[in-house]
Amino acid sequence: MLKIYGRANSINVQKALWAADECGLAYERIDVGGAFGGNDQPWYRAMNPNGVVPTIDDGGYTLWESNSIIRYFAATHAAGTLWPTDPKARGNAERWMDWQLTVVQGGMTTLFWGWIRTPPEKRDLDAMEKARVATADLWCRLDGHLADKAYVAGDRFTMGDIPVGAMAYRWLNLPFERAGLPPTPHLRAWYERLATRPAYQKHVMVKMT
């Protein structure tokens, strides 16, 4: 059986689990990382030299990097749906997967760790405020893109929605002040469409810890 190594409160693990469920895969999730440890052990580093989560073992084939795992699941189990077979449609999906990693993740990491994983007395409020303002501008870019689209790659849900959708849940639900931020109605409507998907509800729309 497919094995997915990683703790359920990791956004990168959540992305992989969401994709696996969308593909209808049977799998065993094994707690690794964070409070569970194990990711610094030789047996884990043999699979993933970076020592981060998630890592998958699919019948002896190991793969790490969450967005690569999403692509692998989609290409092998959902070609034509999650994995667009048209190269241009696939490119539209993949660019937003990469945007999540290269553009929006930095500010989101500052906000998430500041609000969720840092005691109030140790928070860097200046850095968090700068991240709040700067990241709001980034989400406005996706909002504009979604003005005439139901999903990031067009009119259908694809693998492209998974990385940004997982991050959008955090953006829209972290407990920071939203007064003064630009409205993002298209982003909100897209999020509400994602929120009807059982796998999104199960793996992403959970308490942030």
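No disulfides turn up in this predicted model: the count comes to 0. The cysteines can still be placed by how covered they are. Cys23 has 14% relative accessibility, so it falls under the 20% cut-off and counts as buried. Cys140, at 23% relative accessibility, counts as partly exposed.

The sheet is a good place to get oriented. It is an open one, built from 4 strands in the order β2-β1-β3-β4, and its pairing is mixed. The edges belong to β2 (27-30) and β4 (61-64); each has a single partner strand, so one side of each is left without a neighbour in the sheet. From one strand to the next, the twist averages 20°. Toward the β4 end of the order, β3 (residues 55-58) and β4 pair in the antiparallel sense, with 4 bridges between them. One of the residues involved is Asp57, whose bridge partner in β4 is Thr62.

Helices lie across these strands. Helix α1 lies across β1 and β2, and runs at about 170° to β2. Helix α3, for its part, lies across β1, β3 and β4, with an angle of about 130° to β4.

A closer look at α1 is worthwhile. This helix takes in residues 11-22, which makes 12 residues, and spans 16 Å from its first C-alpha to its last, close to the 16 Å expected at 1.5 Å a residue. Most of α1 is covered, with 9 of its 12 residues buried. Among the buried ones are Ile11, Val13, Leu17 and Trp18, but Gln14 and Lys15 are buried too. After the helix comes Gly24, which has a positive phi, near 75°.

Then there is the interior. In soluble globular proteins, nonpolar side chains tend to be buried together. Here the largest nonpolar core has 65 residues, and those with the most contacts inside it are Phe73, Trp139, Leu142, Trp171 and Trp190. The elements giving two or more residues to this core are β1 (2-5) and a run of helices: α1, α3 (66-77), α4 (87-116), α5 (125-145), α6 (161-173), α7 (185-194) and α8 (198-203). So which residues does Trp190 touch, not counting residues up to four places away in sequence? Its contacts are Leu142, Leu146, Ala150, Tyr151, Val152, Asp161, Val164, Gly165 and Ala168. Leu142 thus appears twice in the picture, as a residue with many contacts inside the core and as one that Trp190 touches.

Definitions and conventions: Residues numbered from 1 in each chain as written. Predicted model: local features only at pLDDT ≥ 70, side-chain atom pairs only at ≥ 80, totals over all residues. Heavy atoms only, no water. Expected span 1.5 Å × (residues − 1). Buried < 20%, exposed > 50% of the residue type's maximum accessible area, 1.4 Å probe, protein only. Core = buried A, V, L, I, M, F, W, Y, C linked by side-chain atoms within 4.5 Å. Contact = heavy atoms within 4.5 Å. Pairing = 2+ DSSP bridges. Axes fitted to C-alpha atoms, helices over the stretch in contact; angles between N-to-C directions. Disulfide = S-S within 2.5 Å.
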